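Got your viewer open? Load the model, get comfortable with rotating and selecting, and let's take a walk through it.

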Amino acid sequence: MKSRVKLLAAPYLAWLLIFTIVPLCVVVYFAFTDADGHVTLANLGAMRDYLPTFADSLLLAAISAAICLLIGYPTAYAITRAPASRQRFLILLIMLPMCMSFLLRTLALVALLEDQGILNNILSAVGLGRVTLIRRPAAVVAGMVYNYLPYMIMPLHSVLVKLDGKLIEAAQDLGCSRLRVLLRVILPLSVPGIISGVTMVFVPAVSTFYISKKLGGTSTAMIGDIIESQFKTSYNLNAGAAMSLVLMIIVFICMGIMNRFTGDSEVDLL
Amino acid sequence: MSKELIRLADVTMAYDGEPVLRSICLDVNDREFVTLLGPSGCGKTTTLRIIGGFETPLSGDVFFDGVRINDLPPYKRKVNTIFQRYALFPHLNVFENVAFGLRVQKLDEAEIRSRVFDVLELVNLRGYERRSVNALSGGQQQRVAIARALVCRPRLLLLDEPLGALDLRLRKDMQVELKRLQQQLEITFLYVTHDQEEALSMSDRVVVMDKGVIQQVGTPEDIYNEPKNAFVADFIGESNIIDGVMLRDRLVEFCGRRFECLDAGFAPNEPVDVVIRPEDIDLIPYEAGFIRGTVTNITFKGVHYEFIVDVAGFKWLVQSTDYRELGSDVGFVINPEDIHIMKKSEYSGLFGDYSSFSQEYDEDTEPAAEDSDEKQS
């Protein structure tokens with residue numbers, strides 16, 4: 001009986017093996033070998049040169065996740081307060097950009113922000129002159145927020161929508177004003193949603209390469225861009241693999257730290 | 001009794017144009033235990049929510065201690081509520097749940113600790129402070145909810161079917177405990193339930209509601225012994241309700257016979273509803289009875305038997321400790337003080353006939369959870 005149930009997971013396990021486990025082993029192999037196939041730690045040692053890039057990537061991803069949270073939380077909360085029929089429509093609106101290609105969305109933002117772009121044309125038309133909006137870290141953050149915001153709103157919404165309205169009434173009954181209800185009940189109970197939203201924005205943001213390539217300047221190359229160039233332009237598979245590995249470990253550490261928060265509140269929840 | 005604490009004056013309420021309360025007038029005195037009793041959707045929970053501040057009445061006024069509080073938000077009212085399914089905060093442990101209201105008031109830590117420990121003592125939950133509320137049984141969660149409300153020392157405690165989710169045994173224990181707390185702490189309790197037994201055994205006064213209208217207000221004895229209409233008679237316990245004619249004061253005719261009774265003040269020959277409780281009927285040999293019938297159904301209830309007796313087509317419910325054979329002919333004796341006369345009402349003819357007898361009428365104790373839930377949206 002049990003083995004039959006396990007069989008149901010077989011397609012996924014096969015998928016996992018072929019497309020995750022095996023490539024991971026390949027990455028590890030390349031990261032610890034040189035071009036001739038000899039085992040070496042030189043690739044990882046060379047990472048030292050890229051530390052500022054790693055730091056920049058982490059910082060930009062963290063800022064993007066924070067901005068997504070600041071925009072996403074009130075949005076998600078407002079959606080849950082709407083009547084059920086309108087909620088579906090609002091969720092659809094949030095999802096709508098996700099139906100368009102990621103590349104298209106980023107290119108649209110380029111068209112909006114570039115020197116001869118829509119925003120600058122409007123600014124010059126009203127006589128304010130042109131401003132450099134693109135090729136800046138802020139533009140990269142804007143691109144990441146734009147692209148990843150739905151991934152923040154969805155988990156927050158799914159947590160907030162399950163929040164028992166009686167708990168809010170109970171808090172009011174015990175003397176909480178609206179703000180206190182938010183701080184003492186709603187916010188603590190939505191921590192799991194905050195954690196998963198932040199994870200879902202931060203992890204893809206830290207390894208993104210297309211957004212920074214299109215919206216960032218040469219100085220704002222992110223680690224994702226460097227990895228891509230290692231594989232596609234310098235053909236240094238070993239260095240690329242080492243970077244991927246380091247990035248993965250950093251992401252794991254970040255997730256581990258964040259999961260500690262959920263872990264703790266989960267203990268309280270159970 | 002003592003002075004008035006809550007007064008509802010002509011309160012009406014409607015959801016989406018559907019009236020749920022029709023001009024409710026109700027006084028609750030200080031330190032009184034008042035129960036709102038009625039079936040699902042009768043408006044009892046809405047009444048409670050209006051007093052708690054979670055709903056604003058369409059019209060009419062709510063007074064607390066003589067002050068109109070219609071527009072006062074819930075957090076400014078000296079009222080605490082025990083919710084139907086407790087609504088404990090899952091992210092806080094027992095101590096912090098109980099301390100919640102005190103922390104909001106920004107009391108100092110020492111006072112919070114002593115008050116929380118005192119109230120946990122009161123509900124027999126000392127030693128559970130560090131437990132997660134999710135690890136507690138239903139009865140324990142109930143106690144935490146009570147402690148959380150009592151620690152704020154409210155003048156008025158609103159209880160919305162607080163025992164609905166507990167099993168029968170625990171419910172009985174908690175009934176006794178709640179009554180003890182109410183008397184010990186001298187707090188006014190406004191209690192909502194659909195369980196007539198609970199209402200009768202705990203309350204100083206019972207308010208019977210149906211269709212958004214108060215049907216009767218009175219002590220449990222009044223409500224049981226002198227129901228005002230067929231709805232109250234049927235909802236509070238079992239009743240045989242028979243069409244009768246009040247010939248003159250203290251003489252009523254039903255089942256083709258004239259009976260002495262204690263009621264007076266009706267017009268001569270006024271049609272009335274006659275209520276006779278099943279436990280007030282004595283079974284005697286067929287020949288000796290004024291009313292005669294045939295036993296068509298027997299249910300053993302432990303303390304007594306329940307017989308359905310067919311009297312010329314009308315089925316009576318009779319409770320007796322004496323056994324009678326199925327199909328046997330029996331006679332009734334009814335004492336004058338056991339005959340209750342009610343004026344005809346919109347409920348006349350709807351209740352009190354056991355001809356559609358089934359187990360159905362036993363099942364009115366199911367939790368009426370949908371009562372409050374459907375009003376959330």
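What follows is a series of stops, each with something to select and a note on what is there. One thing to keep in mind as you go: this is a predicted model.

**Stop 1: chain A as a whole**

Select chain A and colour it by secondary structure. You should find 14 helices and 0 strands, so to speak an all-α readout: α-α-α-α-α-α-α-α-α-α-α-α-α-α along the sequence. Turn the chain around, and its C-alpha trace spans about 75 × 70 × 30 Å along the principal axes. Chain A has 270 residues, and buried ones make up 30% of them. If you draw the contacts in chain A with a separation of 6 or more, 71% of them come from residues 24 or more positions apart.

**Stop 2: a helix with a bend**

Stay in chain A and pick residues 10-31, which form helix H2. This helix has 22 residues and reaches 30 Å from its first C-alpha to its last, close to the 32 Å expected at 1.5 Å a residue. Where does H2(A) bend? Zoom in on Leu17(A), where the bend is about 40°. While you are here, look at the surroundings: H2(A) is hardly covered, with 2 buried residues among its 22.

**Stop 3: the two domains of chain B**

Now switch to chain B and give residues 4-224 one colour and residues 241-362 another. These are domain 1 and domain 2 in the domain assignment of chain B. Taken over C-alpha atoms, 38 Å separate the centres of the two domains.

**Stop 4: the nonpolar cores**

Hide the surface and show side chains in chain B. The largest nonpolar core has 108 residues, and those that touch the most other members are Val98(B), Ala147(B), Leu190(B), Val207(B), Val208(B), Val252(B) and Val274(B). Both domains of chain B take part, each giving at least three residues to this core.

Next, centre on Val252(B). Which residues is Val252(B) in contact with, leaving aside its neighbours within four places in sequence? Select Gly244(B), Met246(B), Leu247(B), Phe259(B), Cys261(B), Val272(B), Val274(B), Ile339(B) and Ile341(B) to see them. There is also a second, separate core of 43 residues, and Ala31(A), Ala76(A), Val206(A) and Ile211(A) are among its members.

**Stop 5: two residues with positive phi**

Most residues other than glycine have a negative phi. Here are two with a positive one.

Go to the loop between strand S6 (79-82) and helix H2 (94-104) of chain B, where you will find Ala87(B). Its phi is near 50°. Buried or exposed, then, for Ala87(B)? Ala87(B) counts as buried, because it has 22 C-beta neighbours inside 10 Å and 20 or more are enough for that label.

Then move along to Lys106(B), in the loop between H2 and helix H3 (109-122) of chain B. Phi of Lys106(B) is near 60°. Lys106(B) counts as exposed, because it has 8 C-beta neighbours inside 10 Å, and the cut-off for exposed is 12 or fewer.

**Stop 6: where the chains meet**

Finally, show both chains together. Here 20 residues of chain B are in contact with 20 residues of chain A. On the chain B side, S6 and H2 are the elements that give two or more residues. The largest share, 3 residues, comes from H2(B). Colour that side of chain B by class and you get 10 nonpolar, 9 polar and 1 charged residues.

Methods:
Residues are numbered from 1 along each chain as its sequence is written. Chains are lettered from A and ligands numbered from 1 in the order in which they are written. This is a predicted model: local features need pLDDT of at least 70, side-chain atom pairs count only at pLDDT 80 or more; totals for chains, interfaces and linings use all residues. A nonpolar core is a set of buried Ala, Val, Leu, Ile, Met, Phe, Trp, Tyr and Cys residues joined through C-beta atoms within 7 Å. Domain bounds come from an automatic or database domain assignment. Two residues are in contact if their C-beta atoms, placed from the backbone, lie within 7 Å. Helices (H or I, at least four residues) and strands (E, at least two) are DSSP runs, numbered from the N terminus. Ala, Val, Leu, Ile, Met, Phe, Trp, Tyr, Cys and Pro count as nonpolar, Asp, Glu, Lys and Arg as charged, and the others, Gly among them, as polar. The expected span of a helix is 1.5 Å times one less than its number of residues. The bend at a residue is the angle between axes fitted to the seven residues ending there and the seven starting there.
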